[in-house]
Amino acid sequence: MYVGLKYTSGNTHGKTNNSTIIETINKWYEDLINNNKINSTYIDNRAGFCGDRTNNVSTSLAPMVNSGGGIGNIITHYGSKYRNEIKKEPTLSCFNKDDIYNIPVGLITADELAITGAVWLYKNPNHWLNTNQAYWTVSPVSFDYNVNNIAMAYVSAMFENSVLSSNNVKNSWGIRPVINLSSEIKISKGKGTINDPYIVSE
């Protein structure tokens, strides 16, 4: 329950309860709308955000399939860890419809960071979303125990030194909310680069 934006106790892919982080980004989003800092007609609330909780109990990190884990005290590895740390093959696919959060604002995935040039456990200060600040993604990595046999839940995060890795969810880090733009909006100018970003027309 500590690795999802939403969770249900005893259900690997549950979405009954909001996590602390989703309460925070919801407030951020509502403040933007209420203070007219963003036009809600630009936002696509149907696209959703994928917090892939596909899991495997294998410590050898065999190809990820739903083969147990994800609940109770079972040591669990998640799909994002396998794709980004082991295979270096990020994806934009979401493998379980229950891991799609149909909400107006979410967080970036570890796979999306990898596509922008972030590399698991390697510094790459030139990747597109490096801000020299630490922030969470929505992608769970593992549920395991430390050397003192204390249970730890880990989620992917971008470290301030430009390394994509995992962090214990008990730590307090930054967040970078993400919204999905409507396909009906018009781009007035820009090339979509850092120096010449797209400009959404009124």
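Asn55 is buried, with a relative accessibility of 3%, and its place in this predicted model is in strand S4, which covers residues 55–56. A polar atom of the Asn55 side chain lies 3.2 Å from the backbone oxygen of Arg53.

**Salt bridges**

Side chains of opposite charge can pair when their charged atoms come close. The structure holds seven salt bridges, and three of them are set out below with the separation of their N and O atoms.

| Pair | N to O distance | Relative accessible area |
|---|---|---|
| Asp44 and Arg46 | 3.4 Å | Asp44 15%, Arg46 67% |
| Arg83 and Asp52 | 2.8 Å | Arg83 10%, Asp52 5% |
| Lys97 and Asp98 | 3.7 Å | Lys97 65%, Asp98 31% |

In the salt bridge between Arg83 and Asp52, the closest N and O atoms are 2.8 Å apart. Arg83 belongs to helix H2 (residues 79–87), while Asp52 sits in the loop between strand S3 (49–50) and S4, so this pair ties together parts that are 31 residues apart in sequence. Arg83 counts as buried at 10% relative accessibility, and Asp52 is likewise buried at 5%, both values falling under the 20% cut-off for that class. Asp52 and Arg83 are also linked with Asp111 in a network of salt bridges.

The salt bridge between Asp44 and Arg46 joins a buried residue, Asp44, to an exposed one, Arg46. In the salt bridge of Lys97 with Asp98, Lys97 is exposed, whereas Asp98 is partly exposed.

**Backbone and surface**

Most residues other than glycine have a negative phi. Which sign does phi take at Leu121, and what is its approximate value? Leu121, although it is not a glycine, has a positive phi of about 65 degrees, and this residue lies in the loop between helix H3 (110–115) and strand S8 (135–145). Asn132, which is also not a glycine, has a positive phi of about 60 degrees and is found in the loop between H3 and S8. With a relative accessible area of 55%, Asn132 is exposed, because that value is over the 50% limit.

Met1, Tyr2 and Val169 make a nonpolar surface patch of about 290 Å². Of these residues, Val169 lies in the loop between strand S10 (164–168) and strand S11 (177–178), and at 30% relative accessibility Val169 counts as partly exposed.

How values were computed: Residues numbered from 1 in each chain as written. Predicted model: local features only at pLDDT ≥ 70, side-chain atom pairs only at ≥ 80, totals over all residues. Heavy atoms only, no water. Helix = DSSP H or I, 4+ residues; strand = E, 2+ residues; numbered from the N terminus. Buried < 20%, exposed > 50% of the residue type's maximum accessible area, 1.4 Å probe, protein only. Polar contact = N/O pair within 3.5 Å; in protein donor to acceptor, adjacent residues only side chain to side chain. Patch = residues over 30% accessible without salt bridge, like charges linked within 9 Å, V, L, I, M, F, W, Y side chains within 5 Å. Areas by Shrake-Rupley, 256 points an atom, 1.4 Å probe, with all protein chains shown as cover. Salt bridge = Lys/Arg side-chain N within 4 Å of Asp/Glu carboxyl O.
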